[in-house]
Amino acid sequence: MKIAIGNDHAAVGLKREIMAYVKELGHEVENYGTDTEDSCHYPLYGKKVADAVASKAADCGILICGTGVGISVAANKVKGIRAAVCSEPVTARLVKEHNNANIIAFGARIVGVEVAKEIVSSYLNAEFLGGRHAERVAMIADLETENFQE
(Lines give C-alpha, C1' and ligand atoms only; values in the text may rest on other atoms or scores of the structure.)
Protein backbone atom coordinates (compact mmCIF):
# COMPACT_ATOMS: atom_id res chain seq x y z
CA MET A 1 0.00 0.00 0.00
CA LYS A 2 1.19 3.53 -0.75
CA ILE A 3 0.69 5.95 2.11
CA ALA A 4 1.00 9.74 1.92
CA ILE A 5 2.23 11.41 5.10
CA GLY A 6 2.26 15.07 5.97
CA ASN A 7 3.06 17.21 8.96
CA ASP A 8 3.83 20.67 10.22
CA HIS A 9 6.75 21.90 12.34
CA ALA A 10 5.27 20.48 15.56
CA ALA A 11 5.43 16.93 14.25
CA VAL A 12 8.76 16.49 12.45
CA GLY A 13 10.17 13.99 14.93
CA LEU A 14 6.99 11.94 15.23
CA LYS A 15 6.61 11.90 11.45
CA ARG A 16 10.08 10.38 11.08
CA GLU A 17 9.22 7.67 13.61
CA ILE A 18 5.91 6.89 11.89
CA MET A 19 7.49 6.82 8.43
CA ALA A 20 10.03 4.25 9.62
CA TYR A 21 7.29 2.21 11.29
CA VAL A 22 5.06 2.20 8.21
CA LYS A 23 8.01 1.04 6.10
CA GLU A 24 8.69 -1.73 8.65
CA LEU A 25 5.10 -2.84 8.12
CA GLY A 26 5.91 -3.25 4.43
CA HIS A 27 4.23 -0.18 2.99
CA GLU A 28 5.57 2.55 0.73
CA VAL A 29 5.56 6.06 2.22
CA GLU A 30 5.54 9.36 0.35
CA ASN A 31 6.57 12.36 2.46
CA TYR A 32 4.51 15.50 1.81
CA GLY A 33 5.39 17.20 5.08
CA THR A 34 8.00 19.62 6.28
CA ASP A 35 11.34 18.28 7.48
CA THR A 36 12.28 21.31 9.57
CA GLU A 37 11.01 22.68 12.84
CA ASP A 38 10.73 26.17 11.37
CA SER A 39 7.22 27.50 11.86
CA CYS A 40 5.00 26.71 8.89
CA HIS A 41 1.35 26.53 7.87
CA TYR A 42 -0.30 23.13 8.41
CA PRO A 43 -3.10 23.69 5.81
CA LEU A 44 -0.49 23.44 3.04
CA TYR A 45 0.51 19.96 4.15
CA GLY A 46 -3.04 18.82 4.84
CA LYS A 47 -3.95 19.77 1.28
CA LYS A 48 -0.90 18.06 -0.23
CA VAL A 49 -1.77 14.74 1.41
CA ALA A 50 -5.48 15.13 0.65
CA ASP A 51 -4.74 15.84 -3.01
CA ALA A 52 -2.52 12.74 -3.21
CA VAL A 53 -5.26 10.57 -1.69
CA ALA A 54 -8.11 12.13 -3.70
CA SER A 55 -6.18 11.68 -6.96
CA LYS A 56 -5.31 8.08 -6.00
CA ALA A 57 -1.57 8.83 -6.09
CA ALA A 58 -1.72 7.34 -2.57
CA ASP A 59 -4.04 4.70 -1.10
CA CYS A 60 -4.50 6.58 2.16
CA GLY A 61 -2.89 9.27 4.27
CA ILE A 62 -1.51 10.09 7.68
CA LEU A 63 -1.43 13.68 8.94
CA ILE A 64 0.30 14.97 12.06
CA CYS A 65 0.31 18.45 13.59
CA GLY A 66 0.24 19.63 17.19
CA THR A 67 -3.24 18.27 17.88
CA GLY A 68 -4.17 16.61 14.58
CA VAL A 69 -7.24 18.83 14.36
CA GLY A 70 -6.12 21.76 12.21
CA ILE A 71 -4.40 19.65 9.58
CA SER A 72 -7.40 17.29 9.35
CA VAL A 73 -9.84 20.20 8.99
CA ALA A 74 -7.74 21.46 6.07
CA ALA A 75 -7.64 18.01 4.45
CA ASN A 76 -11.41 17.62 4.76
CA LYS A 77 -11.89 20.65 2.49
CA VAL A 78 -10.68 18.53 -0.44
CA LYS A 79 -13.50 16.74 -2.25
CA GLY A 80 -13.57 13.02 -1.53
CA ILE A 81 -11.55 13.19 1.66
CA ARG A 82 -12.72 11.76 4.96
CA ALA A 83 -9.98 12.62 7.44
CA ALA A 84 -10.49 11.67 11.08
CA VAL A 85 -8.53 12.64 14.17
CA CYS A 86 -7.60 9.62 16.27
CA SER A 87 -6.02 9.81 19.71
CA GLU A 88 -6.22 6.09 20.42
CA PRO A 89 -6.35 2.86 18.40
CA VAL A 90 -10.04 1.98 18.83
CA THR A 91 -11.14 5.16 17.08
CA ALA A 92 -8.58 4.52 14.34
CA ARG A 93 -10.11 1.10 13.65
CA LEU A 94 -13.67 2.39 13.76
CA VAL A 95 -13.11 5.35 11.42
CA LYS A 96 -11.98 2.85 8.79
CA GLU A 97 -14.68 0.25 9.50
CA HIS A 98 -17.62 2.67 9.76
CA ASN A 99 -16.62 5.85 7.92
CA ASN A 100 -14.12 4.49 5.38
CA ALA A 101 -11.79 7.31 6.42
CA ASN A 102 -9.07 7.67 3.84
CA ILE A 103 -6.83 9.80 6.07
CA ILE A 104 -6.11 9.60 9.77
CA ALA A 105 -4.64 12.41 11.82
CA PHE A 106 -3.18 12.69 15.29
CA GLY A 107 -1.35 15.21 17.39
CA ALA A 108 2.34 15.13 18.21
CA ARG A 109 1.51 17.10 21.36
CA ILE A 110 -1.26 14.65 22.27
CA VAL A 111 0.06 11.12 21.67
CA GLY A 112 3.48 9.57 22.10
CA VAL A 113 5.35 7.45 19.60
CA GLU A 114 4.05 4.09 20.80
CA VAL A 115 0.40 5.18 20.87
CA ALA A 116 0.86 6.74 17.42
CA LYS A 117 2.18 3.40 16.14
CA GLU A 118 -0.84 1.61 17.62
CA ILE A 119 -3.16 4.13 15.95
CA VAL A 120 -1.49 3.59 12.58
CA SER A 121 -1.50 -0.19 12.93
CA SER A 122 -5.18 -0.30 13.95
CA TYR A 123 -6.16 1.88 11.01
CA LEU A 124 -4.08 0.02 8.43
CA ASN A 125 -5.32 -3.38 9.61
CA ALA A 126 -8.99 -2.40 9.56
CA GLU A 127 -11.32 -2.80 6.60
CA PHE A 128 -14.43 -0.87 5.65
CA LEU A 129 -17.51 -2.90 6.65
CA GLY A 130 -19.81 -1.57 3.94
CA GLY A 131 -23.52 -2.33 4.41
CA ARG A 132 -25.38 0.37 6.30
CA HIS A 133 -22.08 2.24 6.65
CA ALA A 134 -21.72 2.49 2.85
CA GLU A 135 -25.06 4.29 2.65
CA ARG A 136 -23.87 6.82 5.23
CA VAL A 137 -20.55 7.37 3.49
CA ALA A 138 -22.47 7.97 0.25
CA MET A 139 -24.56 10.57 2.07
CA ILE A 140 -21.35 12.31 3.15
CA ALA A 141 -20.18 12.34 -0.47
CA ASP A 142 -23.54 13.84 -1.49
CA LEU A 143 -22.85 16.79 0.83
CA GLU A 144 -19.99 17.72 -1.49
CA THR A 145 -22.22 17.74 -4.57
CA GLU A 146 -25.36 19.35 -3.12
CA ASN A 147 -27.31 16.13 -3.79
CA PHE A 148 -27.92 15.56 -0.10
CA GLN A 149 -31.44 14.46 0.75
CA GLU A 150 -32.82 13.94 4.23
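**Exercise 1. Find how many bridges join E3 to E5, and work outwards to the rest of the sheet.**

Step 1. Start in the middle: E3 and E5 run parallel and are joined by five bridges. Keep in mind that this is a predicted model.

Step 2. Pin that pairing to actual residues. Cysteine 65 has glycine 107 as its bridge partner in E5.

Step 3. Now go to the other neighbour of E3. E1 and E3 are also parallel, with five bridges between them, and isoleucine 3 is partnered with cysteine 60 in E3.

Step 4. Carry on to E2. Strand E1, residues 2-7, is joined to E2 by four bridges, again in parallel. Isoleucine 3 has valine 29 as its partner in E2, while isoleucine 5 has asparagine 31 there.

Step 5. Put it together. The five strands make an open sheet with parallel pairing, in the order E2-E1-E3-E5-E4. At the edges sit E2 (28-31) and E4 (83-85), each pairing on one side only. From one strand to the next, the twist averages 25°.

**Exercise 2. Work out how enclosed E3 and E1 are, and say what lies across them.**

Step 1. Count the buried residues in E3, using the cut-off of under 20% relative accessible area. Six of the six make it, so E3 is largely enclosed by the rest of the structure.

Step 2. Check each face of the strand. Cys60, Ile62 and Ile64 are buried on one side of E3, and Gly61, Leu63 and Cys65 are buried on the other, so to speak for both faces: they are covered.

Step 3. Do the count for E1. Five of its six residues are buried, which leaves E1 mostly covered.

Step 4. Look for a helix over these strands. Helix H2 (residues 42-54) lies across E1, E3 (60-65) and E5 (103-107), and runs at about 175° to E3.

**Exercise 3. Decide for glutamate 24 and histidine 27: buried or exposed?**

Step 1. Place glutamate 24 first. This residue is in helix H1, which covers residues 12-24.

Step 2. Apply the cut-off for exposed, over 50%. Glutamate 24 has a relative accessible area of 65%, so glutamate 24 is exposed.

Step 3. For a sense of scale, pick glycine 66, which is 42 residues away from glutamate 24 along the chain. Their C-alpha atoms are separated by 25 Å.

Step 4. Move on to histidine 27, in the loop between H1 and E2. Its relative accessibility is 18%, so histidine 27 counts as buried.

Step 5. List what histidine 27 touches. Leaving out residues up to four places away in sequence, its contacts are Met1, Ile3, Val22 and Leu124. Ile3 turned up before, as the partner of valine 29 in E2.

**Exercise 4. Describe the largest pocket: its volume, its lining and the elements involved.**

Step 1. Recall the idea behind the search: rolling a probe the size of a water molecule over the atoms shows where empty space is left.

Step 2. Get the volume. For the largest pocket this comes to about 180 Å³.

Step 3. Go through the lining, which has 13 residues; Asn76, Ile81, Arg82, Ala83 and Ile140 lie nearest the centre. E4 and helix H4 (89-99) are the elements that give two or more residues to this lining.

Step 4. Sort the lining by chemistry. There are seven nonpolar, two polar and four charged residues.

Step 5. Link back to the sheet: E4, one of the contributors here, is also one of the edge strands.

Key
Residues numbered from 1 in each chain as written. Predicted model: local features only at pLDDT ≥ 70, side-chain atom pairs only at ≥ 80, totals over all residues. Heavy atoms only, no water. Pairing = 2+ DSSP bridges. Axes fitted to C-alpha atoms, helices over the stretch in contact; angles between N-to-C directions. Contact = heavy atoms within 4.5 Å. 1 Å grid on protein atoms, 1.4 Å probe; cavity = no way out; pocket = protein on both sides within 12 Å on 5 of 7 lines; lining within 4 Å. Points joined across faces, edges and corners; volume = space filled by probe spheres on them. Nonpolar A, V, L, I, M, F, W, Y, C, P; charged D, E, K, R; others polar. Buried < 20%, exposed > 50% of the residue type's maximum accessible area, 1.4 Å probe, protein only.
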